[in-house]
Amino acid sequence: MVDVVSENLRLGLVRLAVVVLIALVGCHGVRPPAGQVDNPLEGRVICVDPGHGATAETDHFRVGPGGEREEWINLRVALLLKGMLEERGARVLMTRTEDVQVDLSDRASLAVENHADVFVSIHHNATADPEVNFPIVYFHGAASENRAGVALGKILARNLRDALFDEATLACLISDRAIFPEKGANVLRNSYGIPGVIGEASFFSNADEEQRLKRPEANRAEAEAYVATLEEFFSAEIPPIAEKGTLVDLPPFAVLEGGERMEDEALSWRRLFDEGLDLMKTGDRGSLVEALDLFTRSVRVFPDSPVARQCHEHRAEILEALGNEAAAEVAALRAREHYVGVE
Ligand SMILES: [Zn+2]
């Protein structure tokens with residue numbers, strides 16, 4: 001039991017202290033510099049890259065089942081984002097503002113030459129399986145080298161999921177070398193050093209999602225998720241970016257790329273994974289060898305699927321059980337460096 005009289009006295013003293021503090025600090029307190037806390041985007045140079053452009057004649061795969069093209073969706077979201085960022089005092093560099101072709105290396109150069117603080121490339125995804133729909137964000141290279149890209153990507157993947165999907169949806173943060181094994185994505189590779197990501201908010205190869213992406217309110221919600229992401233990213237200390245290949249050395253892992261992702265073979269990703277899991281449970285050597293092949297094929301046909309990271313983790317486990325320590329280490333390193341968890 002608390003002594004009521006001394007408790008009242010204590011409360012009175014606390015109130016007095018608060019009043020004195022307000023009097024002392026209220027008018028003369030040190031305010032943080034403009035744009036640092038109140039508005040973290042003030043004065044930031046932000047390069048916004050709406051992916052692709054004017055590719056209707058060449059990229060026949062870049063279209064949803066109802067005829068909506070990826071480059072149109074990307075541009076709508078990017079133009080909304082440009083307005084929102086400029087309202088908050090940022091300087092926005094747009095790699096394109098119309099449905100036109102722009103060289104990939106010119107997009108990166110725009111960011112580099114103008115000393116952009118950040119590079120965000122806006123895309124939407126496609127795969128053969130029409131059921132698939134979830135957000136993926138890509139960073140360049142290896143996670144422990146590109147720590148700023150990973151920090152930005154974690155926030156974006158989470159915000160895209162929260163804005164556009166339900167809580168149960170998996171949000172993925174994946175290296176661009178998982179989908180372009182040799183060199184990664186051109187725009188991220190050539191702007192490396194600037195914190196940068198490619199955001200693929202959802203899959204236009206899913207018919208319901210394609211219809212949703214035609215609606216202005218859906219495009220606006222997505223642009224707002226980017227704004228919230230950049231505000232959060234610039235409110236904290238930005239981690240460093242190490243030179244490529246200084247901390248991590250991973251050989252390329254061949255996968256279906258670009259338009260190949262739409263081939264029928266890519267429909268088998270889930271079946272291959274599930275069969276691999278069943279065989280793994282039996283545990284005998286022959287089954288493990290077969291399971292290894294199934295996981296390898298699953299992640300080859302859909303290298304950024306919701307189970308891609310698990311495929312590499314299971315490959316590592318099996319390779320170790322089979323006595324191939326070196327290959328097991330590579331598979332485990334790939335799972336860690338190319339597939340980052342998002343809360
Ligand atoms: Zn794209």
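Good morning. The protein chain I am presenting has 11 helices and seven strands, and the model is a predicted one. Of the 343 residues in the protein chain, buried residues make up 44%. Turning to contacts between residues at least 6 apart in sequence, 76% of them join residues at least 24 apart.

Let me begin with the sheet. In what order do the seven strands lie? The order is β2-β1-β3-β6-β4-β5-β7, in an open sheet with mixed pairing. At the edges are β2, residues 91-94, and β7, residues 339-340, each of which pairs on one side only. Within the sheet, I would draw your attention to β3, residues 118-125, and β6, residues 196-203, which pair in the parallel sense over six bridges. One residue pair may help you to find the register on the display: Phe-119 has Gly-196 in β6 as its bridge partner.

I turn now to the helix packing, with two pairs to discuss. The first pair is α8, residues 269-282, with α9, residues 285-301. Their axes are 8 Å apart, and the packing angle is about 160 degrees. Because angles over 145 degrees count as roughly antiparallel, that description applies to α8 and α9. Their crossing is left-handed. On the α8 side, the contact involves Trp-269, Leu-272, Phe-273, Glu-275, Gly-276, Leu-279, Met-280 and Thr-282. These meet a set of residues in α9 that includes Leu-288, Ala-291, Leu-294, Phe-295 and Val-301. By class, the residues of this contact divide into 10 nonpolar, four polar and three charged.

The second pair is α2, residues 70-87, with α7, residues 216-235. Here the axes are again 8 Å apart, but the angle is about 50 degrees. These two helices are therefore oblique to each other, and their crossing is right-handed. From α2, the contact is made by Arg-76, Val-77, Leu-80, Leu-81, Met-84 and Leu-85. From α7, the contributing residues are Asn-219, Arg-220, Glu-222, Ala-223, Glu-224, Tyr-226 and Val-227. The contact of α2 with α7 has eight nonpolar, one polar and four charged residues.

Next, some details of the backbone. Most residues other than glycine have a negative phi. Two histidines deserve a look in that respect. His-52, in the loop between β1 (45-50) and α2, has a positive phi of about 65 degrees. His-115, in the loop between α3 (104-113) and β3, likewise has a positive phi, of about 50 degrees.

Are these two histidines buried or exposed? For His-52, 24 other C-beta atoms lie within 10 Å, so this residue is buried. For His-115, the number of other C-beta atoms within 10 Å is 10, so this residue is exposed.

Finally, I would like to consider Pro-252, which lies in the loop between α7 and α8. Why does Pro-252 count as exposed? The reason is that Pro-252 has 10 C-beta neighbours inside 10 Å, and a residue is exposed if the number is 12 or fewer. Which residues does Pro-252 touch, leaving aside those up to four places away in sequence? The answer is Pro-181 and Glu-182. In addition, the C-alpha atoms of Pro-252 and Arg-177 are separated by 7.6 Å, although these residues are 75 residues apart along the chain.

That concludes the presentation. Thank you for your attention.

Key
Residues numbered from 1 in each chain as written. Predicted model: local features only at pLDDT ≥ 70, side-chain atom pairs only at ≥ 80, totals over all residues. Pairing = 2+ DSSP bridges. Helix = DSSP H or I, 4+ residues; strand = E, 2+ residues; numbered from the N terminus. Buried ≥ 20, exposed ≤ 12 C-beta atoms within 10 Å, placed from the backbone. Axes fitted to C-alpha atoms, helices over the stretch in contact; angles between N-to-C directions. Parallel < 35°, antiparallel > 145°, perpendicular 65-115°, else oblique. Left-handed = near helix turned anticlockwise from the far one by under 90°. Contact = placed C-beta atoms within 7 Å. Nonpolar A, V, L, I, M, F, W, Y, C, P; charged D, E, K, R; others polar.
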